[in-house]
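Colleague: I should like to learn how to read a strand and a ligand site from a coordinate file. May we work through a case together?

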Amino acid sequence: MDTVSLTGKELAAALNADTKERAAALTASGPAPRLALVVANDDPASAWYVNSLRKAAERLGIACDRIDLGAEASAAAIREELTARGGDDAVDAIMLQTPLPAGVTLDDVSSAIAAHKDVDGVAPLSLGLLAAGLDGFVPATSEAVVELLKHHGIPLAGKHVAVVGRSNVVGKPLAQLLLAENATVTIAHSRTTDLPAVTSAADVVVAAAGRIGLVTGAHVREGAVVVDVGTNEAADGSIVGDVEAESVRGKAAALSPVPGGVGPVTTALLMRHVVVAAEKARG
Ligand code: NAP
């Protein structure tokens with residue numbers, strides 16, 4: 001079977017063209033939309049990602065401030081900064097970069113992100129609105145999976161989707177978005193006893209576990225659609241997904257590449273959320 005590559009570049013380009021136009025319209029009658037990126041680590045991979053977000057923002061006409069709190073920042077200091085940016089009218093959107101300092105969890109600080117500026121949907125209020133099916137910002141990576149599937153014409157209504165991973169930033173919100181698309185959703189995690197049996201029963205498999213090569217040809221049925229959310233650093237420094245592409249290709253009907261699949265769509269959606277936040281703030 002020929003396996004279609006679910007690339008994200010074309011969709012990201014279309015989203016970015018729309019975002020750029022909307023950012024320009026905002027800037028024509030006021031300041032450019034502004035994103036505050038709060039960083040409290042000295043992790044090189046995080047620095048690379050923050051830099052790529054800043055470049056993406058710049059290309060689209062979005063102002064982006066990096067606020068560096070240092071890798072030793074306390075939960076109280078991070079909360080204080082997030083609260084201050086939430087009350088700052090010059091800031092339209094807030095994103096808290098991970099990893100956080102040792103001993104600080106996202107749960108310790110995420111409730112300090114104002115929901116109307118929470119463009120990556122990590123605050124408990126945002127997650128609750130999503131679970132209730134109400135309007136709010138949703139985590140960009142989860143939204144990217146759904147948008148990528150729609151872009152490639154893959155139907156979700158009535159389909160069985162297996163999501164591997166149950167984090168608050170990817171797996172759980174993705175399951176909610178898939179339910180809203182009328183899919184039948186199974187969530188697998190590290191305590192799932194027979195992962196291949198669970199994933200082989202699904203029409204669509206989404207791998208979001210952060211484990212290199214976790215999903216192999218033995219995990220997917222002939223003709224299934226596979227989305228790889230994983231972004232893991234391989235021994236040679238390259239970025240690889242959670243799916244063993246060699247054994248899945250030829251068996252699956254479609255597979256998203258890493259890099260170039262979910263990643264570019266995630267960044268494009270984040271930037272679109274910044275513009276949406278600014279549009280709402282300015283009426
Ligand atoms: P996470 O917080 O570490 O969560 C991983 C999830 O996978 C957990 O629910 C864990 O189960 C489950 N898991 C781990 N090992 C497993 C196994 N052997 N079998 C089944 N399930 C297993 O990671 P995350 O933040 O959700 O991120 C997941 C992946 O997505 C990472 O590779 C990350 O880099 C990537 N990511 C990509 C983007 C993008 O834009 N492309 C954005 C964000 C994240 P338990 O709950 O039982 O521990």
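Modeller: We shall take a strand first and then the ligand. Please bear in mind that this is a predicted model.

Colleague: Which way do the side chains of strand β8 (residues 225-228) point?

Modeller: In a regular strand, side chains alternate between the two faces of the sheet. In β8, V225 and V227 point one way, while V226 and D228 point the other way. Each of these residues is buried, D228 included.

Colleague: Which strand pairs with β8 over four bridges, and in which sense, parallel or antiparallel?

Modeller: The partner is strand β7 (residues 204-207), and the pairing is parallel. Within it, V206 has V227 of β8 as its bridge partner. Strand β11 (residues 254-255) also runs parallel to β8, joined to it by two bridges; there, L255 is the bridge partner of V226.

Colleague: Turning to the ligand, which residues come nearest?

Modeller: The ligand has 20 residues around it, of which T141, R166, S167, S190 and T231 come nearest. By class, this shell holds eleven polar, seven nonpolar and two charged residues.

Colleague: What distances separate the ligand from polar atoms of S190, T266 and H189?

Modeller: For the side chain of S190, an N or O atom lies 2.5 Å from a ligand oxygen. A polar side-chain atom of T266 is 3.2 Å from an oxygen atom of the ligand. With H189 the contact involves the backbone: a polar atom there is 3.5 Å from a ligand nitrogen.

Colleague: How much of the ligand does the protein bury?

Modeller: Taken alone, the ligand exposes 930 Å², and the protein buries 70% of that area.

Conventions:
Residues are numbered from 1 along each chain as its sequence is written. This is a predicted model: local features need pLDDT of at least 70, side-chain atom pairs count only at pLDDT 80 or more; totals for chains, interfaces and linings use all residues. Side-chain values use heavy atoms; hydrogens and water are left out. Buried means under 20% relative accessible area, exposed over 50%, partly exposed in between (1.4 Å probe, protein chains only). Two strands pair if DSSP finds at least two bridges between them. A residue is near a molecule or strand if one of its heavy atoms lies within 4 Å of it. A polar contact is a pair of N or O atoms within 3.5 Å; within protein, one must be able to donate a hydrogen and the other to accept it, and residues adjacent in sequence count only if both atoms are side-chain atoms. Accessible areas come from the Shrake-Rupley method with a 1.4 Å probe; for residues, only the protein chains shown count as cover. Ala, Val, Leu, Ile, Met, Phe, Trp, Tyr, Cys and Pro count as nonpolar, Asp, Glu, Lys and Arg as charged, and the others, Gly among them, as polar.
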